[in-house]
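User: Please take a close look at one strand for me. I want to see how covered it is and what it pairs with. Then link it to the wider picture of strands and core.

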Amino acid sequence: MYRRISPLLGTAIVGAMAAWLLGLPMPAGADVAAPASFAIVNVTTTADEYDSVPNGDCSLREAIQSQNDNANFGGCVRGIVPGPGGTDTILLPSGAYTLSRIGAEDDLNLTGDLDLRGSVVISATQGTAANVVGATDWNDRLLHVLSGTVTLKGLAVSGGDVGGGGGGMRIEAGATASVSGSSFTNNSAFRGGGLYNGSGVLTLVNSTVSFNETQEVFGNGGGGIYNDSGVLTLINSTVSYNETHPDAIGLGGGIANQEGTLALIGASLYGNAAHGASGGAIEVFGGTVTLTNTTVTGNAADDVGGGLHSVDGTVTLTNVTFSDNSALSGGGGIYSFGSGSLTLVNTIVADSQLSENCGPAPFTFTGGFNLSSDGSCDFGAGRDNVDVLLGPLADNGGSTLTHLPLPGSPAIDGGTNTGCPDTDQRGQARPQGAACDVGAVEVETSPLLLFVPLVLR
Ligand SMILES: [Ca+2]
Ligand SMILES: [Ca+2]
Ligand SMILES: [Ca+2]
Ligand SMILES: [Ca+2]
């Protein structure tokens with residue numbers, strides 16, 4: 001836990017720092033290279049206040065303003081913690097922080113979305129999530145990162161609704177947002193129902209993006225997340241049940257990547273839908289995309305590429321499981337088109353609905369040690385038209401849902417150890433047994449599991 005120090009002590013420290021900066025004589029024995037201090041602000045009310053004359057309470061909006069101004073604001077007191085340094089931190093007790101200062105297109109943090117500038121950690125304090133919610137008739141996103149590095153821990157962001165990008169949160173060019181242990185749920189936007197990364201850097205760890213939607217506008221896309229020429233990384237995170245608007249044409253039910261860099265490591269994407277268009281889980285329009293130890297299952301596209309659709313993308317899939325994805329017009333699992341490349345290693349493409357797994361011809365790829373339940377992927381002899389024998393999507397350990405290969409599955413020990421990750425999607429060490437397994441899961445070969453069938457026999 002952080003220890004809050006008195007404002008008076010904080011003032012004294014600030015004074016000492018100021019004296020040092022101004023070149024005034026420092027007390028004897030003072031460390032010339034004084035380590036940087038940082039501030040902690042405790043939010044004390046769930047009300048959406050913005051008091052130009054401070055009252056006794058500190059709201060989330062006021063705490064952010066105190067950070068933007070680098071000064072006390074609205075009842076928020078910056079508790080200065082002396083070195084060895086750290087990042088300014090806003091602490092949020094658990095509760096529902098319903099934003100109610102309705103207004104749009106404001107970047108001064110006065111109304112609508114909370115506008116963040118500068119580097120700060122916003123952290124829930126009590127283990128349970130702090131909910132940041134838009135009030136009834138809210139017509140803006142909820143969080144807007146305009147500059148600096150913002151870290152979010154333990155937030156549940158829902159109810160954002162914006163005509164632009166990022167119903168839950170938008171990151172601007174040059175800004176960085178790192179999100180952990182958080183969720184973005186039931187938000188809506190033109191692009192990026194949950195989040196929009198506008199040429200910034202966005203990383204989600206142990207987080208969930210679910211039930212977000214784009215709006216009924218032509219050109220909408222990215223039901224969950226839209227990465228516009230930025231760097232987007234998801235680690236041990238879930239993207240589920242997001243969709244583009246059912247009555248419009250929108251690419252990328254889960255994630256849309258436009259010319260950016262997208263990396264999914266230990267992710268699970270399921271139940272996403274691209275209506276009237278392509279890329280049920282992931283739409284790639286240029287850029288560099290890597291999926292590692294990731295499960296893509298039960299997603300749907302009305303056009304092509306139920307799991308993944310790539311146009312001119314450089315796509316690398318390592319130990320990925322595609323299963324039960326559907327597309328009406330081709331490539332239930334994967335559809336690649338244009339001048340990009342597709343590299344698949346230790347990857348399963350199985351059990352697609354309404355279309356073949358990969359398509360259409362010419363489907364060219366490099367890599368190997370892949371498995372397909374039909375002949376559409378051209379993975380080679382013994383690798384096509386196999387029953388991959390996957391269990392249902394379930395909690396098989398780790399922080400995301402997976403398909404466990406069943407006993408006798410050709411995925412078990414069917415991969416190459418060359419380029420195989422050190423762990424599987426669940427964090428289980430690889431390889432187990434004779435070789436790395438194909439797909440996102442490495443089946444354990446513990447003595448206990450081998451022993452149990454003998455006992456039961
Ligand atoms: Ca206040
Ligand atoms: Ca704004
Ligand atoms: Ca605003
Ligand atoms: Ca193995």
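Analyst: Strand E28 spans residues 288-297 in this predicted model. Eight of its 10 residues are buried, so strand E28 counts as mostly covered, with "buried" meaning 20 or more other C-beta atoms within 10 Å of a residue's own.

Now look at its partners. Strand E24 (residues 261-265) runs parallel to E28, and five bridges link the two. One pair to find is Ile-265 with Thr-292, its bridge partner in E28. Strand E25 (residues 268-270) also pairs with E28 in the parallel sense, here over three bridges. In this pairing, Leu-269 has Val-296 of E28 as its bridge partner.

Next comes strand E31 (residues 314-323). It pairs with E28 over nine bridges, again in the parallel sense. Val-296 appears here too: it stands opposite Phe-322 in E31. Val-296 is thus a good place to rest your eye, with Leu-269 as a partner and Phe-322 as another.

What holds such strands together? Strands of a sheet pair through backbone hydrogen bonds, either parallel or antiparallel.

Compare strand E7 (residues 130-134). Four of its five residues are buried, so strand E7 is largely enclosed by the rest of the structure. Strand E4 (residues 95-99) pairs with E7 through five bridges in the parallel sense. Strand E10 (residues 155-158) runs parallel to E7 as well, joined by four bridges. Find Val-132 in E7: Tyr-97 stands opposite Val-132, and Val-157 in E10 is the bridge partner of Val-132.

Now turn to an open sheet of nine strands. Its order is E5-E8-E12-E16-E20-E23-E27-E30-E33, and the pairing is parallel. At the edges sit strand E5 (114-116) and strand E33 (334-337), and each pairs on one side only. From one strand to the next, the twist averages 5 degrees. Inside this order, strand E8 (residues 143-145) and strand E12 (residues 169-171) run parallel, joined by three bridges. Val-145 has Ile-171 in E12 as its bridge partner.

Finally, the core. The largest nonpolar core holds 104 residues, and Ile-90, Met-169 and Ala-177 touch the most other members. Follow Met-169. Leaving aside residues up to four places away in sequence, Met-169 touches Arg-141, Leu-142, Leu-143, Val-145, Val-157, Ala-177, Phe-184 and Leu-195. Two of these names came up earlier: Val-145 is the bridge partner of Ile-171, and Val-157 is the bridge partner of Val-132.

Conventions:
Residues are numbered from 1 along each chain as its sequence is written. Chains are lettered from A and ligands numbered from 1 in the order in which they are written. This is a predicted model: local features need pLDDT of at least 70, side-chain atom pairs count only at pLDDT 80 or more; totals for chains, interfaces and linings use all residues. Two strands pair if DSSP finds at least two bridges between them. Axes are lines fitted to C-alpha atoms, for helices over the stretch in contact, and angles run from 0 to 180 degrees between N-to-C directions. A residue is buried if 20 or more other C-beta atoms lie within 10 Å of its own, exposed if 12 or fewer, and partly exposed in between; C-beta atoms are placed from the backbone. A nonpolar core is a set of buried Ala, Val, Leu, Ile, Met, Phe, Trp, Tyr and Cys residues joined through C-beta atoms within 7 Å. Two residues are in contact if their C-beta atoms, placed from the backbone, lie within 7 Å.
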